[in-house]
Amino acid sequence: MTSFKFLLAPLMISGALLWAAPAMAHETMDGPGQISVSATGNSYQAPDLATVSAGVVTQALNAQDAMKANAEKMTAIFDALESAGIQKRHIRTSQLSLNPQYDYKQDRNQPRIIGYQARNTVSAKSEDLQRVGPMIDALVSAGANNINGVNFGIKDSVAAKSKARKSAVVEARRKAEEMAEAAGLSLGRVLRMDENTHSSGVPQRMANVMHDMQGAAADMSTSISGGEQTLSVTVNITFEISE
């Protein structure tokens, strides 16, 4: 009885703009009457989802004032995101912290607390990439002084996985048939099959961005490009061989 084992890594990819790249393969003899082949198939697509991570860092002499100032700015941040067309369900708090600030100049072994730093970060998701630049502008205008970056993704993985998987399986069988023919053998049924899925794409990182909204800078809009995402599926197949 044929046994299939699938190991899928979570990924969001949709079915548009896909094409399969030439697959890569390697193979080994896996005991008497068997041959094991690995092959990788790729599919490519422009992302259709973006998540912006941004927030506010405030400092004050005491913890209460630091948190109060932070809360006021974060209220403006949430209002700005909603005004930019981001739905509430796509906005979530991803980090909230309050930490003392130390002075080590007088005694490094016993530093004294000179203030407190409050940090609040939100993640805002948009399925319209045209909104990402204006979203960042709105965040900075509302008081955000810490932008961690933009991560791009794909909403639906089914079609892309299928495209990459088929390419990998076809290449694996071609390699196995080539090896078997060269050795004067015949390729038989599949004894075992498993797969691994992974993606690649370059997130845009903008750590601690400070934006000058005065003068000419106020007329400038942040430009964002999602580039291209790559989904790769690697299959490992063991075939039966015979003379």
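A quick term before you start clicking: exposed here means over 50% relative accessible area, and buried means under 20%. Keep in mind that this is a predicted model.

**Stop 1: helix α1, outer face.** Select residues 63-83, which make up helix α1. Now pick out Gln 64, Lys 68, Glu 72 and Ser 83: these are exposed, on the face turned away from the helix's buried side. While the helix is selected, check its length: 21 residues at 1.5 Å each should span 30 Å, and the end C-alpha atoms are indeed 30 Å apart.

**Stop 2: α1, inner face.** Swap the selection to Ala 66, Asn 70, Met 74, Ile 77, Ala 80 and Leu 81, which are buried. Their arc around the axis is only 115°, so they sit on the same side of α1. The spacing rule behind this is that an α-helix has 3.6 residues a turn, so residues three or four places apart point the same way.

**Stop 3: the cover.** What packs over those buried residues? Show β4 (49-60), β5 (91-103), β6 and α2 (132-141), which are among the elements covering them.

**Stop 4: a surface patch.** Stay with β6, residues 112-126, and find Ile 113 in it. Ile 113 has 41% relative accessibility, so it counts as partly exposed. Add Tyr 102 and Tyr 104 to the selection: with Ile 113 they form a nonpolar surface patch of about 280 Å² of accessible area together.

**Last stop: zoom out.** Color the chain by secondary structure for 3 helices and 10 strands, running β-β-β-β-α-β-β-α-β-α-β-β-β from the N terminus. Of its 243 residues, 39% count as buried.

Key: Residues are numbered from 1 along each chain as its sequence is written. This is a predicted model: local features need pLDDT of at least 70, side-chain atom pairs count only at pLDDT 80 or more; totals for chains, interfaces and linings use all residues. Side-chain values use heavy atoms; hydrogens and water are left out. Patches are made of residues with over 30% relative accessible area and no salt bridge: like charges are joined within 9 Å, nonpolar side chains (Val, Leu, Ile, Met, Phe, Trp, Tyr) within 5 Å. Accessible areas come from the Shrake-Rupley method with a 1.4 Å probe; for residues, only the protein chains shown count as cover. A salt bridge is a side-chain nitrogen of Lys or Arg within 4 Å of a carboxyl oxygen of Asp or Glu. Helices (H or I, at least four residues) and strands (E, at least two) are DSSP runs, numbered from the N terminus. Buried means under 20% relative accessible area, exposed over 50%, partly exposed in between (1.4 Å probe, protein chains only). The expected span of a helix is 1.5 Å times one less than its number of residues. The arc is that of the directions from the helix axis to the C-beta atoms. Contact means heavy atoms within 4.5 Å.
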